[in-house]
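Colleague: Could you take me through the place where the ligand sits, slowly and contact by contact? I'd also like to hear about anything odd in the backbone.

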Amino acid sequence: MNTKNILVVEAEPYPFEFSPATCALLIIDMQRDFLEPGGFGEMLGNDVSQLRRTIGPNQRLLAAWRAAGLQVIHTREGHRPDLTDLPPVKKIRGRSKTTIGDSGPMGRILVRGENGHDIIPELYPLPPEPVIDKPGKGAFYATDLHSILQHLGIRQLIVTGVTTEVCVNTTVREANDRGYDCLVPADCVGSYFPEFHDMGLKMIKAQGGIFGWVGDSAKILTALAFHFRRPQKLKPSKPRRTP
Ligand code: TIU
């Protein structure tokens, strides 16, 4: 391995080392249904402001990642308009009057193509960035994410988004079983429940990093800035022939 191309980010339980060419930023479910008032998250009785604090840190990390020309992948949780990929138990869980697939303030709840299902404008994907539509909590379940990562040669992931203990945690566990290293920046992930957020992160980094690493976005930005602004070593010029 060419160690000149390895970035080192301070993290727990120990520094996370990655090669920019083989590490993707995976942003989980930063959708209007989860983050905006009137969406599915709020409908479940949750306080969306707990998630909105992650928007700024994600914006800064995304901007730096894009500026360095590195791979970004987004995910969205949601279902086909005919709901054939919606497990009946997921449809009725919670015994709410309005559930997934029903009309909500931002269109049909968690249905692909509806306004609420889309990614928030602050973190909107650019055309070359794959968007993975997932029917479950984990981004690998019933999606082509693993194939896409393999084709791109990606072996490590920086995982951000919402919610810490649900879709982020499930995805990190799935990634771990498929052989990917994951770093989760704590300020870029959020939960409606602060105590679940804290425990969700502890579960990832416990036991020597049983599922991965936990850090923060400032440390990643520092590592990127150091690496990409470092003056490149000039090749020694050929000695001139004297006549
Ligand atoms: N993306 C994600 O985490 N989906 C959820 O439904 N999360 C909740 O915490 N409800």
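Modeller: Sure, and let's start with the character of the site. The shell around the ligand divides into 5 nonpolar residues, 1 polar and 3 charged. Keep in mind that this is a predicted model. The residues that surround the ligand are D29, F34, E77, K137, V162, T163, V166, C167 and Y192. As for where that is on the protein, the ligand sits in the largest pocket.

Now for the polar contacts. On one count, D29 brings a polar side-chain atom to 2.7 Å from a nitrogen atom of the ligand. E77 also uses its side chain, with a polar atom 2.9 Å from a nitrogen atom of the ligand. V162 takes part through its backbone: a polar atom there is 3.1 Å from a ligand nitrogen. How much of the ligand does the protein bury? Taken alone, the ligand exposes 280 Å², and the protein buries 91% of that.

V162 brings us to the backbone. The peptide bond from V162 to T163 is cis, with omega near -10 degrees. Most peptide bonds are trans. So here you have a cis bond joining V162 and T163, and both of these residues are in the set that surrounds the ligand. T163 has its place in the loop between β8 (156-162) and α7 (164-177).

E77 is worth another look too. β4 (72-77) is followed by a loop that runs to α5 (88-92), and D85 is found in that loop. What does the side chain of D85 reach at 3.1 Å? That would be the backbone nitrogen of R80. The D85 side chain also makes a polar contact with the side chain of R112, at 3.5 Å. Leaving out residues up to four places away in sequence, D85 touches G78, H79, R80, R112 and P135.

Two more backbone details, since you asked for oddities. There is a cis peptide bond from E12 to P13, with omega near 10 degrees, and P13 lies in the loop between β1 (7-9) and β2 (16-18). Then there is L110, which has a positive phi of about 50 degrees although it is not a glycine. Most residues other than glycine have a negative phi. You'll find L110 in the loop between β6 (107-108) and β7 (131-134).

Conventions: Residues are numbered from 1 along each chain as its sequence is written. This is a predicted model: local features need pLDDT of at least 70, side-chain atom pairs count only at pLDDT 80 or more; totals for chains, interfaces and linings use all residues. Side-chain values use heavy atoms; hydrogens and water are left out. A residue is near a molecule or strand if one of its heavy atoms lies within 4 Å of it. A polar contact is a pair of N or O atoms within 3.5 Å; within protein, one must be able to donate a hydrogen and the other to accept it, and residues adjacent in sequence count only if both atoms are side-chain atoms. Accessible areas come from the Shrake-Rupley method with a 1.4 Å probe; for residues, only the protein chains shown count as cover. On a 1 Å grid over the protein atoms alone, a cavity is a set of points where a 1.4 Å probe fits but cannot get out, and a pocket is an open set with protein on both sides within 12 Å along at least five of seven lines; lining residues have an atom within 4 Å of a point. A molecule sits in a cavity or pocket if more than half of its atoms lie within 2 Å of its grid points. Ala, Val, Leu, Ile, Met, Phe, Trp, Tyr, Cys and Pro count as nonpolar, Asp, Glu, Lys and Arg as charged, and the others, Gly among them, as polar. Helices (H or I, at least four residues) and strands (E, at least two) are DSSP runs, numbered from the N terminus. Contact means heavy atoms within 4.5 Å.
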